[in-house]
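Thanks for coming. I will take a few minutes on one model and keep to salt bridges and burial.

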Amino acid sequence: MQSAGQRRGKHIINPFSAIEETVLLGWEGRRCKLKECKSRKTVLNTKRWRTVTFSSWYAETHFKVCGAVYAARHHAMEERANLMNMMKLSIKTLIQSALSLGRTLDSDFPPLQQFFVVLEHCLKHGLKAKKTFIGQNKSFFGPLELVEKLCPEASDIATSVKNLPELKTAVGRGRAWLYLALMQKKLADYLKVLLDHKHLLSEFYEPDALMMEEEGAVIVGLLVGLNVIDANLCLKGEDLDSQVGVIDFSLYLKETQDSDGKQDGDITAVLDQKHYVEELNRHLSCTVTDLQNKIDCLEKTNSKLQEELAAATDRIGSLQEEQQQLKQQNELIRERSEKSVEVTKEDTKVELDTYRQSRQGLDEMYSDVWKQLKEEKKIRLELEKELELQIGMKTEMEIAMKLLEKDTHEKQDTLVALRQQLEEVKAINLQMFHKSQNAECSLQQKTEAISSFEGKTNEMMSAMKQMEERLQHAEKARQAAEERCNKMKQELASRLDTCRQQMSQLDSKCSTLEKELKSEKEQRQTLQRELHREKDATSLLKTELEQMEGLKKELRKLQDEKQQLEKVCEEQEQALQEMGLHLSQSKLKMEDIKEVNKALKGHTWLKDDEATHCKQCEKEFSISRRKHHCRNCGDIFCNACSSNELALPSYPKPVRVCDTCHTLLLQRCSSNSS
């Protein structure tokens, strides 16, 4: 039979393979019943009968199932088309009424309410039901939560919706999300991001849902026109959770105009009313199902409450039994307490006797304690004196703190004086530098003179050595002459007569020699004097050299002091620069604060009704040319003249600013950074 079914099913299209399985299962069940009902005698030629009956039944059921699928698809297409048309009508009426009104829209504005109802129906179309503990739940807030992951700009909306404590249901959170997106004028952008990631939307929507088809892209394109509208909506948790999404078609019905044929107008009016009634019935059926679900939930809660009531009654009975037991225990305790009271009375009498005896000892203890008290009073007085001294020290410390504050002010004055001293030290350093150069020049000259003097002293020393050698030779010659004279006296004693003449000659020679000796002695004395003079000159030069070395040491000390002063100067200059930077930063902060105050006081926030032309280009506002407020000056401009965004001190994030304010703020930022 399977081969026959396969042969018969070759002409069937692949998308209906699931339908084939259901048909075959139905056929197997019917075949079993036929076998049970009919006997072997009535059924002849079973193979032929099976093929005929199966083929006819298969074709019939296949046609019915295909027709049901086609009808379901056609119904879904009609729903999508109706929702798209309703969306067009609601957006058109909302824009026209908002432009005619000419002000920001509130949450009580009827066309705006109807727009949100239609948008909610569009987002709910084709939603998959999620199973929870309570039951099946359909909420369009699930796909809207994906926007936070796909578009980080929407994180503010998600956090603000989650932080609203009054919202208890997912429907209320979804409505609050839509309100905030419309107020930010980014509803179309966020829904476009969702439609670009349909693989993520498939987790929440059926394949034939409005958001998964082309109609969703058309609706997103229509939502771009809502950027013209300025809305200020109230987010009340109770209102958002309890709203019932019913479309009011009375806003979109138009009066039939008199034309050539009155019958056509009547027919169109009847058809419109028919469609209106059908839509009302459909919405009422939806509300009825919602109410039935709520009733089921309430019945479940009621049954739970009844169970809790039964448990509470059981608890009350057990508590009453425990109360009776406690009463019996209380009576027993009372009897025991009366007996204990009698025993305690007897004990108190015994204790009174002991008390009288112990009182005498207590009197003695009292006298001792009184003495200790007096001593403690004295100690307390001393401690109070010390406390007064500490208070005086504290006052002195406060005076010292005030003096320190005065010292800080004086140090600030000394900083100015130190600057002047720095300039004077720089001038002194320049003078010292010139003096050191002059001293180095004089040192060079003196070193050259010392070198020349040393050469002269070396020459004088060599001459002195030569003179000493001559003196030694002369003394030797004199000794030799004296020895000869003695020999000659001894030898020529006999020859006195002959030698007197020679003696006279010798005397003359001696006188000449003595004269030469005297002259040599005088030369020697003069040389010694010159030597003493040169020694004095060398000692003077040595003292001058020592003075020069002292001057060099002083120069080094001065250079070290100069380096230290330069370091101190650099540190002070750095400190002054830092002080200047802090002063400039504080001035800039003061200027920013003054500008913010000016902006708060001077700039007034113009109302939308007061401005009909752009302040910069003076073009008239219209549907295409919208009004935009500059967050810095408060005036109203068109989109072309206020397309820039900057971060202001009063706003944490970049906001819209006009061109003139943008250039001024950029110049100010560049001057602050420089």
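What follows covers one helix and then some charged pairs.

This is a predicted model, where local features need pLDDT of at least 70, side-chain atom pairs count only at pLDDT 80 or more, and totals for chains, interfaces and linings use all residues. Residues are numbered from 1 along each chain as its sequence is written, and side-chain values use heavy atoms, with hydrogens and water left out.

Start with helix 8, residues 187–196 (helices are DSSP runs of H or I, at least four residues, and strands are runs of E, at least two, numbered from the N terminus). Of its 10 residues, 7 are buried, so helix 8 is largely enclosed by the rest of the structure. Buried means under 20% relative accessible area, exposed over 50%, and partly exposed in between, with a 1.4 Å probe and protein chains only. Among the buried ones are Leu187, Tyr190 and Val193.

Now salt bridges: a side-chain nitrogen of Lys or Arg within 4 Å of a carboxyl oxygen of Asp or Glu. The count is 11. In one of them, glutamate 215 pairs with arginine 80, with the closest N and O atoms 3.5 Å apart. That pair links helix 10 to helix 3, 135 residues apart. Both partners are buried: glutamate 215 at 18%, arginine 80 at 8%.

Which residue forms a salt bridge with aspartate 230? Arginine 626 does, again at 3.5 Å between the closest N and O atoms. These two are 396 residues apart, each in a loop. Arginine 626 is buried at 13%, while aspartate 230 is partly exposed at 25%.
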